Amino acid sequence: MRGWWQDLTDLVLPADCAGCGTPRVALCAGCRAALCGAAPRRVRPVPEPRGLPVVHAAAPYGDAVRAVLLAHKERGALPLAGVLGEALAGAVRAALREGREGQERAPGQGPAGPVLLVPVPSARRAVRSRGHDPVRRIALAAAGELRRAGVPVSVLCALRQGRAVADQAGLNSRQRQANLAGALEVVAGAGRLLRGAGRVVVVDDLMTTGASLTEASRAVGGVCGVHRVGDRQGGGTDDWDGQEAQMAAARQMGNQPSWGSGRGGAEVAVNRRAASALARVNIIHAAVVAATPASFEINRN
């Protein structure tokens, strides 16, 4: 009802720009350019969580971009999902381009199925409070934008919270990783679709410490068989060390993470040689609308 009412009032009443407050325009040209006007770039938080996949972002988080994201997420400005989806689609394109380059360097690992966008799930209580799931809504808008450009893409809400987590506000990077370690799991029936995908892109609206993207990619990678992420030189490495580090951090916080099947780490600790012998490797990337300005420093030498 909240979403329906917001859509109705936006049609009837004049709106101010969500980014800068310019009257009688939902989003002015300048704020749209701040979101979608620059080429998406690869980003990396500092410190970087182990197991974080390669991440591309459309815009730095600040000023108009911050205001637009908050208006959509917290104030129910649902029509903004379209322009946010456009920005996310640009970041996804950048991720897919880098994925194709990696496949050229590693023959035999080409995509065999459609691209899947996997949104980082919101907590149920947050969805109830807001009246909508902002990341899912933006992901659907991004998929529409990509399909219009000829990209075979679908949104798969493959993840859910398997246990309660604390509010992330006020936690540092290490505490956020520990808080989220093992918190996400793949919903029943989604594993087959993930394994059949050509490329998987985990998507979110914002990256700060990278903890949410790391945990989401860990959960997806456990189902896909092998989770490959970009290292500092732009190559790849598997994520077993990242899983072990997150499990240790979770124990320090008093949590007992359940990896994938929920039956403990031993069930998922597949032999490295057996994993590397799999016929197909899903290369997981990540894309976000915005990331902290400091995380863009990876591109500056």
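What pLDDT does the chain average, and what percentage of the residues score at least 70? In this predicted model, the average over the chain is 77, and 69% of the residues reach a score of at least 70. Two stretches deserve a careful eye. Over residues 226-282 the pLDDT is below 50, although the model gives this stretch 100 contacts beyond near neighbours in sequence. Residues 105-110 also stay under 50 in pLDDT, and the model has six contacts for them beyond four places in sequence.

Strand β7 (199-207) offers a convenient place to start a tour of the fold. Eight of its nine residues are buried, so β7 is largely enclosed by the rest of the structure. Strand β3 (residues 115-119) pairs with β7 in the parallel sense through five bridges, with Leu 116 standing opposite Val 200 of β7. Strand β10 (residues 284-291) also runs parallel to β7, and seven bridges join the two. Here Leu 206 has Ala 290 in β10 as its bridge partner.

β7 leads on to the largest pocket, since it is one of the elements that supply at least two residues each to the lining. The others are the helices α3 (63-74), α5 (124-130), α6 (134-148), α7 (173-180) and α9 (211-224). The largest pocket holds about 1,000 Å³ of space. It is lined by 35 residues, of which Lys 73, Arg 130, Gln 168, Arg 176 and Ser 212 are the closest to its centre. By character, the lining divides into 19 nonpolar, seven polar and nine charged residues.

Key: Residues numbered from 1 in each chain as written. Predicted model: local features only at pLDDT ≥ 70, side-chain atom pairs only at ≥ 80, totals over all residues. Heavy atoms only, no water. 1 Å grid on protein atoms, 1.4 Å probe; cavity = no way out; pocket = protein on both sides within 12 Å on 5 of 7 lines; lining within 4 Å. Points joined across faces, edges and corners; volume = space filled by probe spheres on them. Helix = DSSP H or I, 4+ residues; strand = E, 2+ residues; numbered from the N terminus. Nonpolar A, V, L, I, M, F, W, Y, C, P; charged D, E, K, R; others polar. Buried < 20%, exposed > 50% of the residue type's maximum accessible area, 1.4 Å probe, protein only. Pairing = 2+ DSSP bridges. pLDDT = per-residue confidence, 0-100. Contact = heavy atoms within 4.5 Å.
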